[in-house]
Amino acid sequence: MKKYIRELITFALICMISGAIGKVSPLGKSVWGFMFENMIWFPVEVVITVLILDKIIAERDEARDRQRFNKITREANPRLITTLKTNLTALVVDKSVYDPQKNDDETFRDVLNNPGKYLTDNFFNAMRLFHFINSGDQYYNFQGISYYYCSIMEKTLREYQERYIAVMNDDVLEITVKLQNVLRSAGFLDFPAPNMWIVKSNWKVADGTMADTIHELFELTETLSKTFEKISIQN
């Protein structure tokens with residue numbers, strides 16, 4: 001609650017209590033009775049009026065802020081979602097195996113709705129081939145794969161926040177921060193040493209919560225996408 005509203009309510013309560021005391025006192029039966037009645041009811045009317053006006057002003061300001069945010073980030077928001085979806089699907093599905101029947105959005109939704117189909121022991125223990133122009137081909141384990149794609153997502157989120165923080169919608173800020181926190185707390189960015197990427201892993205899905213963490217990234221990205229859509233529709 002805003003400070004001035006708290007102070008107004010406190011002042012109104014003091015007036016009402018004073019008016020009630022005055023009303024039941026001997027003075028309440030004199031010409032002062034009308035004044036004491038006003039001291040009881042007038043503060044209530046003032047508080048109700050102020051609360052209504054405050055709500056109207058807050059809604060107007062919120063709508064104006066959403067409109068400004070949407071106008072400034074209209075092109076950046078779809079790019080952010082595309083980057084997140086592209087790298088999340090590339091993290092889970094080997095893009096070196098081209099499937100003409102599926103695009104990134106379809107694959108993203110399939111992983112979102114059927115995580116157990118993808119986040120298996122085989123996924124966490126597979127060695128994936130990367131093609132590098134300068135250094136040739138290299139097989140990476142899950143540590144290398146996750147570091148490669150998650151570092152791109154973390155960098156994109158950080159740059160988005162730094163550029164639009166002054167106009168950022170509160171819901172968008174909350175979701176992007178959650179995405180960064182998951183990327184960092186899960187340890188995806190804790191394996192910067194390439195010599196750790198070339199040793200075959202022996203992970204078990206049942207041994208930890210990594211599968212749940214990856215699925216959470218998909219859920220947060222979907223929530224962010226819907227939030228952008230909602231803001232766009234409201235404007």
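**Figure 1. The whole chain, with buried residues making up 37% of its 235 residues.** Here buried means under 20% relative accessible area, exposed is over 50%, and partly exposed sits in between (1.4 Å probe, protein chains only). This is a predicted model, so local features need pLDDT of at least 70 and side-chain atom pairs count only at pLDDT 80 or more, while totals for chains, interfaces and linings use all residues. Residues are numbered from 1 along each chain as its sequence is written, and side-chain values use heavy atoms, with hydrogens and water left out. The secondary structure adds up to 9 helices and 2 strands, taken as DSSP runs numbered from the N terminus (helices H or I, at least four residues; strands E, at least two). Along the sequence they go α-α-α-α-α-α-β-β-α-α-α. Among contacts (heavy atoms within 4.5 Å) between residues at least 6 apart in sequence, 69% link residues at least 24 apart.

**Figure 2. Inside the largest nonpolar core, a set of 42 residues.** Such a core is a set of buried Ala, Val, Leu, Ile, Met, Phe, Trp, Tyr and Cys residues joined through side-chain atoms within 4.5 Å. Val92, Tyr160, Ile214 and Leu224 touch the most other members. At least two residues each come from α3 (76-92), α4 (104-113), α6 (121-125), α7 (142-164), α8 (170-185) and α9 (210-234). The largest share, 9 residues, belongs to α9. Zoom in on Val92 and, setting aside neighbours within four places in sequence, you find it in contact with Val111, Tyr118, Leu119, Phe123, Arg128, Ile214 and Phe218.

**Figure 3. Helix α3 on its own, a mostly covered helix.** Of its 17 residues, 12 are buried. The buried set is Ala76, Asn77, Leu80, Ile81, Leu84, Lys85, Asn87, Leu88, Thr89, Ala90, Leu91 and Val92. The length checks out too: at 1.5 Å a residue, the 17 residues of α3 should span 24 Å, and the end C-alpha atoms are 25 Å apart, which agrees. That expected span is 1.5 Å times one less than the number of residues in the helix.

**Figure 4. Where α3 meets α4, in a left-handed crossing.** Two packed helices are described by the angle between their axes and the distance between the axes. For α3 and α4, the axes come within 9 Å and cross at roughly 65°. The axes are lines fitted to C-alpha atoms, for helices over the stretch in contact, and angles run from 0 to 180 degrees between N-to-C directions. Left-handed means that the near helix is turned anticlockwise from the far one by less than a right angle; clockwise would be right-handed. On the α3 side, the contact is made by Lys85, Thr86, Leu88, Thr89 and Val92, and on the α4 side by Asp104, Asp105, Thr107, Phe108 and Val111. These residues split into 4 nonpolar, 3 polar and 3 charged, with Ala, Val, Leu, Ile, Met, Phe, Trp, Tyr, Cys and Pro taken as nonpolar, Asp, Glu, Lys and Arg as charged, and the others, Gly among them, as polar.

**Figure 5. A close look at Thr89 of α3 and Phe108 of α4.** Thr89 counts as buried, at 0% relative accessibility. Leaving out neighbours within four places in sequence, Thr89 is in contact with Lys95, Asp104, Thr107, Phe108 and Phe218. Phe108 is buried as well, at 0% relative accessibility. Not counting residues up to four places away in sequence, Phe108 touches Lys85, Leu88, Thr89, Phe218, Thr221 and Glu222. Phe108 and Phe218 are 110 residues apart in sequence, yet their C-alpha atoms are 7.5 Å apart in space.

**Figure 6. Two partly exposed residues, Ser18 and Asn181.** Ser18 is in helix α1 (residues 3-24) and has 34% relative accessibility. Its C-alpha atom is separated by 7.4 Å from that of Met39, 21 residues apart along the chain. Asn181 belongs to helix α8, with a relative accessible area of 41%. Asn181 and Glu154 are 27 residues apart in sequence and 9.5 Å apart in space, C-alpha to C-alpha.
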